[in-house]
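Open your viewer, switch on the cartoon and keep the selection tool handy. We will take a short walk from stop to stop.

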Amino acid sequence: MIGSPVRDPIGDHLLTPQNSALLVIDYQPSQFAGVQSIDRDLLLQNVVSTVKTAKAFGLPIVHSTINVATGRGQPTVPELAELLEDYPPVDRTSTNAWEDTEFVAAVRATGRRKLILCALWTESCMTFPALDAMREGFEVYPVVDAIGGTSEEAHRLGMERVMQAGAKPITWVPLAVELQRDWARAETVDDVIEIVLTERLLKT
C-alpha cells in the first residue's frame with residue numbers, strides 16, 4: 001500500500017505529531033466532581049483516549065495540577081495518573097496555568113506552537129491559559145469533549161470566548177484521525193485502531 005506524500009510536518013496547517021503538544025490541566029477529583037456539562041464517566045473516557053492518542057504519536061505532554069502541594073487539592077485521578085507517570089505534574093496555586101512560570105517554561109520547552117488543550121473546568125482553567133497562549137502567538141486546540149464545565153452554559157460560554165479569540169475546537173476522534181492522516185503510515189495504525197475503534201467506538 002502506497003500512501004500520500006507526507007507534507008511538511010512542522011509547517012503543516014493541520015496538526016501533526018511534529019508540530020503539536022498536549023496540555024493536560026487539573027484532572028483532579030474535586031474538578032471532576034464539579035463538572036455538570038457532560039457525563040463524568042464519558043468525560044474521563046474521552047480524556048484518557050486523548051492522552052493515549054498523544055502518547056501513541058509521541059507528542060510532548062505537559063501535565064499540571066493545582067493546589068496539591070498546599071493540601072487543598074488531590075492528585076490527578078488514577079486512570080490518568082497512570083498514563084502520565086512519565087510526565088510529572090507541574091503543581092500550581094494559580095487558577096490560570098499561564099501565570100505559573102514553571103508551567104509556561106515547560107510549554108515553551110516543547111518547541112511546539114500548536115497546543116492541544118484539555119483542562120477542567122472549561123470556563124476557567126481551560127479559558128484563561130488558552131487566551132494567554134494565543135496572545136503569545138500559539139495556536140490552541142481545545143478538545144471539547146474531553147473538557148467539562150460547572151454547567152452547560154459555563155462550558156458553552158467558555159468555548160465561545162476562546163473561539164472568538166481564535167481557538168480551534170476539536171474532539172478526541174478527529175484528533176486521532178488528523179494526527180494519523182493516512183492509513184499507510186503503518187507505525188501508528190494499530191494504536192489508532194485500538195484506541196479509537198476497539199476500545200471505544202466498536203466496543204459492545
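Is L202 buried or exposed? Keep in mind as you look that this is a predicted model.

**First stop: L202 and its patch**

Select L202, in the segment that comes after α8 (186-201). Its relative accessibility is 59%, so L202 counts as exposed; the cut-off for that is over 50%. Now add W183, I193, L197 and L201 to the selection: together with L202 they make a nonpolar surface patch of about 480 Å².

**Next stop: helix α2**

Select residues 40-56 to light up α2, which has 17 residues. From its first C-alpha to its last, the helix reaches 24 Å, close to the 24 Å expected at 1.5 Å a residue. Show the side chains and pick out the buried ones, among them L43, L44, V47, V48 and V51. Polar residues are on the buried list too, including N46, S49, T50 and T53.

Zoom to the start of α2 and show D39 as sticks: one of its side-chain oxygens comes to within 3.1 Å of the backbone nitrogen of D41. Then travel along to G58, which follows α2 and has a positive phi, near 70 degrees.

**Last stop: N67**

Select N67, in the loop between β2 (61-66) and α3 (78-83). What does N67 touch, leaving out residues up to four places away in sequence? Show R72, G73, D91, R92 and T93, and you have its contacts. N67 counts as buried because its relative accessibility is 17%, and the cut-off is under 20%.

Terms used: Residues are numbered from 1 along each chain as its sequence is written. This is a predicted model: local features need pLDDT of at least 70, side-chain atom pairs count only at pLDDT 80 or more; totals for chains, interfaces and linings use all residues. Side-chain values use heavy atoms; hydrogens and water are left out. Helices (H or I, at least four residues) and strands (E, at least two) are DSSP runs, numbered from the N terminus. Buried means under 20% relative accessible area, exposed over 50%, partly exposed in between (1.4 Å probe, protein chains only). Contact means heavy atoms within 4.5 Å. The expected span of a helix is 1.5 Å times one less than its number of residues. A polar contact is a pair of N or O atoms within 3.5 Å; within protein, one must be able to donate a hydrogen and the other to accept it, and residues adjacent in sequence count only if both atoms are side-chain atoms. Patches are made of residues with over 30% relative accessible area and no salt bridge: like charges are joined within 9 Å, nonpolar side chains (Val, Leu, Ile, Met, Phe, Trp, Tyr) within 5 Å. Accessible areas come from the Shrake-Rupley method with a 1.4 Å probe; for residues, only the protein chains shown count as cover. A salt bridge is a side-chain nitrogen of Lys or Arg within 4 Å of a carboxyl oxygen of Asp or Glu.
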